[in-house]
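User: I have some questions about helix packing and sheet pairing here. Please give reasons with each answer.

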Amino acid sequence: MATFQSLPGFRDFYPEDLARRSHLFRVWRQNARAFGFEEYDGPVLEPLELYKTKSGDEIETQLFSFTDKGGREVALRPEMTPTVCRLVGERAGSLKRPIKWFSIAEFYRYERAQKGRQRSFYQFNADIFGEAGPEAEIEIIALLVQCLAGFGLTAQDFYVRLSDRDLWFFYLESLGCTDAESRSLLSAVDRFEKMGDDAFKGYAEAHGELAPARKAAVLAFLEIKSLAALRAHLAEGGAGSGKLAARLADWEKVLGGLAAMGLGDFVQVDLGVVRGLAYYTGFVFEAFDRKGDLRALAGGGRYNDLVKKLGGPDLPAVGFAIGDVTTGILLEQRGVMPALISAPDVYVVSGEGEPRRTALGDVHRLRAAGYRVDYPLRAPAFGKQFKAASDSGARLALIYGSDELAKGVVKFRDLCERSEREIPLGGVAEAEKDFFCAGGR
RNA sequence: GCGGUCAUAGCUCAGUUGGUUAGAGCACUAGAUUGUGAAUCUAGGGGUCGCGGGUUCGAGUCCCGUUGGCCGCCCCA
């Protein structure tokens with residue numbers, strides 16, 4: 001049996017594992033629909049160039065890529081964003097705005113697997129296209145919160161850190177930074193939390209030592225953890241700059257909208273988050289567990305230039321993705337992963353011969369009516385069958401024996417109450433209906 | 001790509017300074033039990049001890065390599 005193993009970073013999903021995964025998908029799908037998002041999907045295999053165009057040539061080292069038999073350079077999808085940009089871009093002219101789409105799909109990345117990260121994983125992706133205003137951020141962040149809160153997680157379990165790459169650029173510009181310097185500084189900000197002062201080494205190498213005053217300004221800015229602090233900081237710097245003032249107004253809208261939805265406790269201003277991805281153009285956000293011992297649960301932001309860059313029309317967009325691996329770990333940790341046992345509604349016990357034939361007729365009728373019905377394929381002794389009925393987790397057992405048949409009845413046993421009554425043959429479907437509608441389920 | 005650590009049954013593990021045919025609990029199957037439930041007793045299936053090589057009269061045990069898991073670094077769309 002040890003001859004073949006699954007590939008590193010790829011998981012087997014035994015029924016109990018798949019039940020957990022399906023639980024995630026169910027909650028995500030249900031909430032996305034509640035928010036008015038439509039589900040889509042795309043190909044698992046895409047042209048390698050699609051990802052190189054979006055992320056640069058180096059990305060290939062992180063991809064499952066190969067040359068197909070037709071000589072095409074292809075890659076298993078490592079993310080959904082380029083695909084959905086293509087889909088939306090192709091029909092942008094005929095799609096009603098705003099375009100609110102979601103998907104649940106499997107992705108592949110050729111990376112070293114570790115805690116919370118596999119080479120194959122699933123993501124819920126949600127995006128809004130065609131709305132450039134901060135109203136789209138409110139909607140997408142609210143969905144992100146609900147896609148975690150929907151499991152029973154609270155603001156004590158996780159939170160969303162909200163930042164803004166535009167704000168950073170405008171701020172650095174007001175400090176006199178060139179565009180190249182700003183980009184380098186943002187990459188330092190991204191690493192600062194983890195690396196401390198070493199994060200600025202890359203900047204020093206490229207642009208010379210960072211002036212102390214400028215560094216102090218950057219550090220003060222990334223420490224900002226509230227809207228009030230941001231407001232005060234910008235006022236202090238005499239941020240009369242129209243750009244900064246306009247961004248601040250957008251911040252007021254986003255945080256005000258989320259507060260109005262009752263989600264204020266889930267969102268934390270945190271300019272220390274910038275996300276390394278160069279394609280983000282405005283607000284960026286990441287969801288983390290409050291204890292901080294897991295990697296990011298979800299990440300997203302605005303990417304107004306990407307659809308165009310990938311060959312589509314000029315279409316503003318904002319979106320996020322949640323992964324199944326870290327989310328699953330968090331749900332287990334917080335004890336909100338339900339016990340997902342798959343029990344039938346009814347277990348049918350029968351004798352051999354005529355009783356069994358009668359039972360099979362009812363088994364099928366009940367199944368066709370939508371009940372989950374199980375029975376032993378090869379009927380063993382009655383004692384065994386009762387144990388099997390009990391083990392199955394079914395609420396009800398139906399008993400077809402020669403004694404019952406002789407009387408024209410079926411025994412209807414409530415396995416929880418351990419009570420039993422007789423119902424007339426042919427009245428089974430109706431009795432089930434009465435039982436389960438009365439709250440027997 | 002780099003470092004640490006681990007690997008015995010489906011699961012959790014035991015296995016003596018290297019010594020006969022590798023064990024236990026749980027789980028699974030069957031019987032006791034041809035009509036009433038989580039019990040008990042009995043029996044059974046399931047292992048090339050991750051894989052390969054070396055040392056040795058003899059390796060689950062010692063050595064080397066390799067693959068895989070876990071943890072961390074790089075990266076993280």
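User: Which residue of β14 stands opposite serine 350?

Analyst: This is a predicted model. In it, tyrosine 400 of β14 stands opposite serine 350.

User: What makes β12 and β14 a strand pair, and in which sense do they run?

Analyst: Pairing takes at least two bridges. Strand β12 (residues 346-350) and strand β14 (residues 396-400) have five bridges, in the parallel sense. The two strands therefore count as paired.

User: Why are β13 and β16 called edge strands?

Analyst: The open sheet has five strands in the order β13-β12-β14-β15-β16, with mixed pairing. Both β13 (373-374) and β16 (419-424) pair on one side only.

User: Which helix packs on the sheet, and what does its direction make with that of β12?

Analyst: Helix α14 (residues 382-392) does, touching β12, β14 and β15 (409-414). The angle between the directions of α14 and β12 is about 180°. Angles over 145 degrees count as roughly antiparallel, so α14 is roughly antiparallel to β12.

User: Why are α5 and α6 called oblique to each other?

Analyst: The axes of α5 (residues 165-174) and α6 (residues 179-195) cross at roughly 125°. Roughly perpendicular ends at 115 degrees and roughly antiparallel starts over 145, so the angle falls among the oblique ones. The two helices are therefore oblique. Their axes come within 10 Å, and the crossing is right-handed.

User: Which residues make that contact, and how many are nonpolar, polar or charged?

Analyst: From α5 come Arg165, Trp168, Phe169 and Leu172. From α6 come Asp179, Ser182, Arg183, Leu185, Leu186 and Val189. By class, six are nonpolar, one is polar and three are charged.

Notes. Residues are numbered from 1 along each chain as its sequence is written. Chains are lettered from A and ligands numbered from 1 in the order in which they are written. This is a predicted model: local features need pLDDT of at least 70, side-chain atom pairs count only at pLDDT 80 or more; totals for chains, interfaces and linings use all residues. Side-chain values use heavy atoms; hydrogens and water are left out. Axes are lines fitted to C-alpha atoms, for helices over the stretch in contact, and angles run from 0 to 180 degrees between N-to-C directions. Helices (H or I, at least four residues) and strands (E, at least two) are DSSP runs, numbered from the N terminus. Angles under 35 degrees count as roughly parallel, over 145 as roughly antiparallel, 65 to 115 as roughly perpendicular and the rest as oblique. A crossing is left-handed if the near helix is turned anticlockwise from the far one by less than a right angle, and right-handed if clockwise. Contact means heavy atoms within 4.5 Å. Ala, Val, Leu, Ile, Met, Phe, Trp, Tyr, Cys and Pro count as nonpolar, Asp, Glu, Lys and Arg as charged, and the others, Gly among them, as polar.
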